[in-house]
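Me: I am new to this structure and would like to know how its descriptions are arrived at. Could we go through a few of them together?

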Amino acid sequence: MPELSVPELSPPATQALACLREADRSALSSALAEGLAATGAGFAAVGGPLQERWGQALADLDACLRKQRGVTVLHEGGAYDGAWVESTGTISAEVLSRFAPQAAADTFALFAEHQRDDGLIPYKVTRDGPVFSQIQMVTPLARSVWTHHRLHTESTAWLRRMYEAMSAHDAWLAAHRDTRGTGAVEAFCTFDAGHDLSPRFWFAPDRCLGGEASRCDPEAPGMPYIAPDLTANVACQRTYLAQIAEELGEDPTPWRAAAAASGEALFAHCWDAVDAAFYDLDAAGQPVRVLSDVQLRVMACEIGDDDLFAEVLRRHLFATSRFLSHYGLTSLAMDDPRFDGDHTRNSWAGPVNMLTMIRAPHAFEHHGRPAELAVLLKPVLTALAVADRYPQCLDPWSGEAGYTSRYSPAALWLLDAVERICGILPMPSGGFAVTSLAPTRLEHGAAAEAVAASRRLGGVAWEAVSDDTGTVLLRDGAEHLRIPRGWRAELTEDGTLTAVVGVAPRPVTGRLTGPGAPGAPDGAAGGGELTLAPDERVRWAEGVVVGRGGPTFIAPRA
């Protein structure tokens, strides 16, 4: 790495950069160490506990990467043995893909390898083998697979293998989980949705009848449910299966038609326009009026347009009387009389679940709302920065760590959150984003003075060094771009700026400078000042502004 050639870094920022470059990963296993070396992913912080917590996240993640049939795959960790398709095999592997791509690819493939002859994908795979007692789908597998492929261009053989497995699973669901012929997907038991202890499933059995996912207990009152999250999952799956089919040279049209049909069934049977909410529909045709994190799950499946997301965000997700606790999104609406915030057990009856939190960013980013996402991330980052472990659950009121420890979704959430607020985030659509919101204003002793992050993309070593005033982006050790605090810069792999976005909750006026700024080939100040409102995006092409706009920011409200 060339000598530092940035004369205007603050002393803490200079120290953070030095710590980043001197990081020792010798204690990590080969799978994670090799992944970090290949991606160039790194982080360092000066002041506060974040440096130590980042290291602990890597150590806990490393402990969850385990050999299985000759390859290294991700296990859930904590109290959970094996890899679970609702999390480990989807959203967690999707995040892991940015830090240990080979382990992520092998984790995805694990579910195809253990698929049943009739097409059913196991809900989990342990060292003892696959388990098929429920479906337990939340994050769409096809989306996670496609995201991994876009980031790393996996082989056609790998992509086809996953495509064929997911296609067969889709056929199994159509054959076994639509007993009423509605075109939706039905839940037969509590664990189909992974909603342990939730009032949503009171009086439902935990597992399917006889431990077989195709059987619904006829003695279970109200079952089966037409389930909005399961139906949304399949709609989204089919949308991404269409993209994968097209990539493989097949006709995507049938998948797109099937996705549209799933979406129509979802709104026909589960959407309540008065409440602006999705509810299960029980066997008697009555809505199960339990307001749960199903709302976020459906939104994270890319259902509906920007206006629908804004309405759900305003009325539910960002309402502090409903889901927006000070330390993340709760699993049940806080104004429901059945709400129970007990975070000391595996519960979806109230506490903040880290699985909810790791799933949340996709919904916000998909609808162009990184400013709201930053509001959501900051207190949770504070909570985990001062925690003594990586748990499944947080206390909504205090942020205290609760049930279990060494839980891989929580460790991966921290790695993901750091990249989203002050790191170098690879984008599946190509290029990367650098957000300038250094964690210098965290409370409870969690704040850092300065941070530095790194990544290698397209053969270029990128480093982002941030303090309370802004971020300096380095290309192969030399200054490339200065970004004001409260802005996100989006660039191609070679460093060409394509957009800036407001990520602070209030308008921020600033200026991009450096060789990477538009109109500044020799390092002069780039252009004039801009004022960016929250979520406002200014787009460039060939150094010229070609578009500007964004949604109206939605602040937390009672």
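Me: Where is Phe201 found?
Reply: Happy to help! This is a predicted model. In it, Phe201 is in the loop between β7 (186-187) and β8 (225-226).

Me: Why is Phe201 called buried or exposed?
Reply: Its relative accessible area is 3%. Buried means under 20%, so Phe201 counts as buried.

Me: What is Phe201 in contact with, leaving aside its neighbours within four places in sequence?
Reply: Its contacts are Ala187, Cys189, Thr190, Ala193, His195, Met223 and Tyr225. For Ala187, which is 14 residues apart from Phe201 along the chain, the C-alpha atoms are separated by 9.8 Å.

Me: And Ser97, how do you know whether it counts as buried or exposed?
Reply: The same kind of reasoning works here. The relative accessibility of Ser97 is 0%, and the cut-off for buried is under 20%, so Ser97 counts as buried. Ser97 lies in the loop between α4 and α5 (101-113). Not counting residues up to four places away in sequence, Ser97 touches Ala104, His148, Leu151 and His152.

Me: What makes α4 and α14 oblique to each other?
Reply: Helix α4 (residues 88-96) and helix α14 (residues 408-422) pack at an angle of about 40°. Angles under 35 degrees count as roughly parallel, and 65 to 115 as roughly perpendicular. The angle of about 40° fits neither range, and therefore the two helices are oblique to each other. Their axes are 10 Å apart, and α4 passes α14 in a left-handed crossing.

Me: Which residues of α4 and α14 meet?
Reply: From α4 there are Ser92, Val95 and Leu96, and these meet Pro409, Leu412 and Asp416 in α14. Sorted by kind, the residues of this contact are four nonpolar, one polar and one charged.

Me: Why do β4 and β6 stand at the edges of their sheet?
Reply: The sheet is open, with three strands in the order β4-β5-β6 and antiparallel pairing. Since β4 (83-84) and β6 (129-131) each have a single partner strand, one side of each is left without a neighbour in the sheet.

Me: How do you know that β5 and β6 pair?
Reply: Pairing needs at least two bridges, and strand β5 (residues 124-126) has three with β6, in the antiparallel sense. Here Lys124 stands opposite Val131 in β6.

Me: How many bridges are there between β2 and β3?
Reply: There are four, and strand β2 (residues 65-68) and strand β3 (residues 71-74) pair in the antiparallel sense. Lys67 stands opposite Thr72 in β3. The hairpin of β2 and β3 has two residues between the strands, and Arg69 takes a positive phi near 55° there.

Methods:
Residues are numbered from 1 along each chain as its sequence is written. This is a predicted model: local features need pLDDT of at least 70, side-chain atom pairs count only at pLDDT 80 or more; totals for chains, interfaces and linings use all residues. Side-chain values use heavy atoms; hydrogens and water are left out. Axes are lines fitted to C-alpha atoms, for helices over the stretch in contact, and angles run from 0 to 180 degrees between N-to-C directions. Angles under 35 degrees count as roughly parallel, over 145 as roughly antiparallel, 65 to 115 as roughly perpendicular and the rest as oblique. A crossing is left-handed if the near helix is turned anticlockwise from the far one by less than a right angle, and right-handed if clockwise. Contact means heavy atoms within 4.5 Å. Ala, Val, Leu, Ile, Met, Phe, Trp, Tyr, Cys and Pro count as nonpolar, Asp, Glu, Lys and Arg as charged, and the others, Gly among them, as polar. Buried means under 20% relative accessible area, exposed over 50%, partly exposed in between (1.4 Å probe, protein chains only).
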